[in-house]
Amino acid sequence: MNYSSSILEVNLKNLIHNYKVFKKFIKNKQVAATIKANAYGIGDKIAFSTLYKNGCRHFFLATLNEGLELRKSFKKGYIYILNGLENNDINIFKINKLIPILNSKIEMKVIEKTKFKFGIHIDTGLNRLGINKKDLPKKIYNKKNLQIVLTHLASSDEKKNLYNYFQNKKFKSINNLFKNKKIIFSLANSMGTILGKDFHYDLLRPGISLYGGHYNTKLKKYIKPVVKLKAKILQIKRILKNEYIGYNQTYKTKKSIWIAVIGIGYGDGISRMLNNKGFVYYKNHKFRILGRISMDSITIDISKSCKLFKIGQYVEIINYSHGIDELAKQCETISNEILTSISNRVQRIYK
C-alpha cells in the first residue's frame with residue numbers, strides 16, 4: 001500500500017529514449033547528461049545509473065557537494081563541476097576524481113602546477129560564469145591535463161536569435177588556439193542541439209530535454225515525457241452557494257458544488273500561479289482548481305463528475321498529455337523550474 005499523499009512517477013524507459021535521441025543527432029560523437037539539481041528533481045543517482053548503463057560517460061553537476069555525493073555510489077564516469085573550485089581545496093577534486101570547470105583567472109592560477117584533469121568555461125556572451133578570452137593565460141593552450149573546453153548559449157531556445165551564431169563564432173575562434181588535439185569542445189545544451197551541426201562540436205550537454213522538456217521547439221517531435229505528478233484525494237465535500245473556498249476569499253461559489261481536496265500544495269512545489277486557474281486531470285477529464293493553493297493541499301471542482309471519485313484515489317497534476325512545458329506556460333515560467341521545484345516530500349517512484 002502506498003502511504004504518500006503525492007507521487008512523482010518517473011519513466012526510465014522514456015529517459016533512455018530521450019538520451020538516445022541526442023545520440024542520433026550527433027553520430028560518432030558523445031552525449032553527456034546534465035544531472036545537476038538532483039537530475040532536475042527526478043533523482044541524480046537513478047539518472048546516473050540508468051544513463052551510464054546506456055552508454056553515457058560524461059555527467060555535469062553544479063556543485064562540489066553534488067559530485068561528492070554521487071562519487072559515494074559511483075566510481076566510474078567523468079563528473080564535471082560547473083561551479084568550479086568554489087574556493088575549495090583542490091585535493092578534494094583529485095581524491096574523488098571530480099573535474100572542476102574553471103571560470104576565472106584566480107582558479108587557473110590555483111590549478112597551474114597540478115596534473116589532474118580540469119576544464120575551462122569560456123564566456124562567449126552569457127556573462128554569467130566563465131572566463132573571457134583576454135584573461136586566458138598563454139600557458140593554458142598547451143596544457144595536457146586540460147580535459148574539456150565549453151561555453152553556454154544564452155538563447156538556444158530561440159532558433160532565429162542571431163546571438164547564438166555570434167557566440168558560436170566566438171567559441172570557434174578561441175578553440176583554434178588550443179594545441180592539445182584530445183581536448184573535448186562543447187557548446188550545445190538541449191535546445192542548442194537543434195540549431196544545427198555547426199553547434200554540435202565533440203559533446204552535447206542536454207539537460208531538461210532528457211527529462212521531457214522541449215520548450216515547444218522542434219524537440220517536441222522527438223522527446224518523450226518522463227514524469228507524472230500525482231496526488232491523493234483527501235476529502236470530498238459539498239459546498240453551498242455563496243460560500244468561500246481557500247485563503248483570503250478569492251473564490252466564491254455561485255451555486256452548490258462538490259469539491260475534492262487534494263494532498264499536494266506549494267510545500268510540494270505547486271506554484272501559487274495556479275490559483276483559481278490551474279487544472280487537475282483524471283481519466284481524460286480535467287477539473288479546475290478553486291481558490292488559492294495551500295501549503296499542503298489544493299481544492300478542485302468535481303461537480304460534473306463527482307461519482308468518479310473516492311477518497312484515496314490519485315489524480316494527476318502533470319501527465320503525458322499535459323506535461324511540464326504546458327504547466328510551465330500556465331505558471332509563466334520554464335519547465336526546468338517546474339521539475340526542480342518538486343520537493344523531497346513527494347515520493348519518487350521509478351518505472
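This is a short tutorial dialogue on reading features of a predicted model.

User: Start with the overall picture. How many helices and strands does the chain have?

Analyst: The model is predicted, so keep that in mind throughout. The secondary structure comes to 9 helices and 19 strands. The C-alpha trace spans about 75 × 45 × 35 Å along its principal axes. The accessible surface of the chain is about 17,700 Å². Carbon and sulfur atoms account for 51% of that surface.

User: What share of the residues is buried?

Analyst: Buried residues make up 54% of the 351 residues in the chain. Buried means under 20% relative accessible area. Then look at contacts between residues at least 6 apart in sequence. Of these, 65% join residues at least 24 apart.

User: Take one residue. Is Ile-318 buried or exposed?

Analyst: Ile-318 counts as buried, because its relative accessibility is 1%. Ile-318 sits in strand β18, residues 314–318.

User: Which residues does Ile-318 touch, leaving out those up to four places away in sequence?

Analyst: Its contacts include Val-227, Lys-228 and Leu-229. Gly-323, Ile-324, Leu-327 and Ile-338 are also touched by Ile-318. Now compare sequence with space. Ile-318 and Leu-8 are 310 residues apart in sequence. Their C-alpha atoms are 9.0 Å apart.

User: Try a loop residue. Where is Ser-297?

Analyst: Ser-297 is in the loop between β16 (285–290) and β17 (298–301). Ser-297 is buried, with a relative accessible area of 18%. The cut-off for buried is under 20%. Beyond residues up to four places away in sequence, Ser-297 touches Val-261, Ile-262, Ile-264 and Gly-265.

User: Now charges. Why do some side chains pair?

Analyst: Side chains of opposite charge can pair when their charged atoms come close. This structure holds 9 salt bridges. One of them joins Glu-9 to Lys-230, with the closest N and O atoms 3.0 Å apart. Glu-9 lies in strand β1 (residues 6–10) and Lys-230 in strand β11 (residues 227–239), so the pair ties together parts that are 221 residues apart in sequence.

User: Is Glu-9 buried or exposed?

Analyst: Glu-9 is buried, at 10% relative accessible area. Glu-9 also belongs to a network of salt bridges that links Glu-9, Lys-230 and Lys-351.

User: Which residue forms a salt bridge with Arg-345?

Analyst: Arg-345 forms a salt bridge with Asp-268. The closest N and O atoms are 2.8 Å apart. This pair links distant parts of the chain, with the two positions 77 residues apart in sequence numbering. Arg-345 is in the loop between α9 (335–340) and β19 (347–350). Asp-268 is in the loop between β14 (257–262) and β15 (279–282).

User: How are Arg-345 and Asp-268 classed by accessibility?

Analyst: Arg-345 is partly exposed, with a relative accessible area of 47%. Asp-268 counts as buried, at 3% relative accessibility.

User: What about Lys-134?

Analyst: The side chains of Lys-134 and Asp-135 meet in a salt bridge, 3.6 Å from N to O. Lys-134 is exposed, with a relative accessible area of 69%.

User: How do I read the charge over the chain as a whole? How many positive and negative charges are there?

Analyst: The chain has 64 positive and 23 negative charges. Compare their mean positions. These are 6 Å apart.

User: Which residues form a positive surface patch?

Analyst: Lys-20, Lys-24, Lys-27 and Lys-197 form a positive patch. Take Lys-24 as the example. Lys-24 is in helix α1, residues 12–25. Lys-24 counts as exposed, because its relative accessibility is 66% and the cut-off for exposed is over 50%.

User: Last, the backbone. What should I know about the sign of phi?

Analyst: Most residues other than glycine have a negative phi. Positive values therefore merit a look in the light of that rule. Asn-87 has a positive phi, near 60°. Asn-87 lies in the loop between β5 (78–81) and α5 (90–95). Asn-87 is exposed, at 79% relative accessible area.

User: What is the phi of Lys-283, and where is this residue found?

Analyst: Lys-283 has a positive phi of about 50° although it is not a glycine. Lys-283 is found in the loop between β15 and β16. Lys-283 counts as exposed, at 58% relative accessibility.

Note on methods:
Residues are numbered from 1 along each chain as its sequence is written. This is a predicted model: local features need pLDDT of at least 70, side-chain atom pairs count only at pLDDT 80 or more; totals for chains, interfaces and linings use all residues. Side-chain values use heavy atoms; hydrogens and water are left out. Patches are made of residues with over 30% relative accessible area and no salt bridge: like charges are joined within 9 Å, nonpolar side chains (Val, Leu, Ile, Met, Phe, Trp, Tyr) within 5 Å. Accessible areas come from the Shrake-Rupley method with a 1.4 Å probe; for residues, only the protein chains shown count as cover. A salt bridge is a side-chain nitrogen of Lys or Arg within 4 Å of a carboxyl oxygen of Asp or Glu. Lys and Arg count as positive and Asp and Glu as negative; His and the chain ends are not counted. The place of a charge is taken as NZ of Lys, CZ of Arg, CG of Asp or CD of Glu. Helices (H or I, at least four residues) and strands (E, at least two) are DSSP runs, numbered from the N terminus. Buried means under 20% relative accessible area, exposed over 50%, partly exposed in between (1.4 Å probe, protein chains only). Contact means heavy atoms within 4.5 Å.
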